[in-house]
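Colleague: Please take me through one part of this model closely. I would like a single buried position and its surroundings, set against the chain as a whole.

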Amino acid sequence: MTEQPCLYVDADACPKVIKEILYRAADRTGLALLLVANQPLSVPPSPHIRTLRVEAGFDVADNEIVRRVKKGDLVVTADIPLAAEVIEKGGVALNPRGELYTVHNIRARLNMRDFMDTLRSSGVQTGGPPPLSQTERMAFANALDRYLAKAVRQG
């Protein structure tokens, strides 16, 4: 029997509704859920849900997640460079909008991110992402369920 995968959340920017989906999933499956943030978090009491508060600073939470992640673990993040590092270590990276980052699409996502950073640094107003839609919440829940079905079957 192989070791159960862990679920990690880049929690500082993760929408509350996505965290709530993850809380229910951790309790339903018994998988460990670790929310990493540089601010205090309030989570429901559960033997499966933990928080880890890290120091404030550039990429401190990301670096802690990368240090801990193992092959097959799931990381929920909208941070594309973090997702790339997770994939490199054999983990699975899922965006809160339901997009699964893969070895096939991560390079294009990194290139687009870098392009948008260049635009912003040259003074172009690019705006932020739109609010999370009901369709995106459902896409996230469905992608998470697909991951969990596979992870629990293999565990």
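**A close look at Asp73**

Modeller: In this predicted model, 38% of the 155 residues of the protein chain count as buried. The chain has five helices and six strands, and along the sequence they run β-α-β-β-α-β-α-β-β-α-α. Of the contacts between residues at least 6 apart in sequence, 50% join residues at least 24 apart.

Asp73 sits in the loop that links helix H2 (60-68) to strand E4 (74-76). Its relative accessibility is 1%, and because buried means under 20%, Asp73 counts as buried. The side chain of Asp73 also has a polar partner: it reaches the backbone nitrogen of Cys6 at 2.9 Å. Leaving aside residues up to four places away in sequence, Asp73 touches Cys6 along with Pro5, Tyr8, Arg68, Gly91, Val92 and Tyr147.

Further along the chain is another aspartate, Asp79, which caps the N-terminal end of H3. There, a side-chain oxygen of Asp79 lies 2.8 Å from the backbone nitrogen of Leu82. Helix H3 itself covers residues 80-88, and its buried residues include Ile80, Leu82, Ala83, Ala84, Val86 and Ile87. An α-helix has 3.6 residues a turn, so residues three or four places apart point the same way. After H3 comes Gly90, with a positive phi near 90°.

As for the outside, the protein chain exposes about 9000 Å², of which carbon and sulfur atoms supply 54%.

Note on methods:
Residues numbered from 1 in each chain as written. Predicted model: local features only at pLDDT ≥ 70, side-chain atom pairs only at ≥ 80, totals over all residues. Heavy atoms only, no water. Helix = DSSP H or I, 4+ residues; strand = E, 2+ residues; numbered from the N terminus. Buried < 20%, exposed > 50% of the residue type's maximum accessible area, 1.4 Å probe, protein only. Polar contact = N/O pair within 3.5 Å; in protein donor to acceptor, adjacent residues only side chain to side chain. Contact = heavy atoms within 4.5 Å. Areas by Shrake-Rupley, 256 points an atom, 1.4 Å probe, with all protein chains shown as cover.
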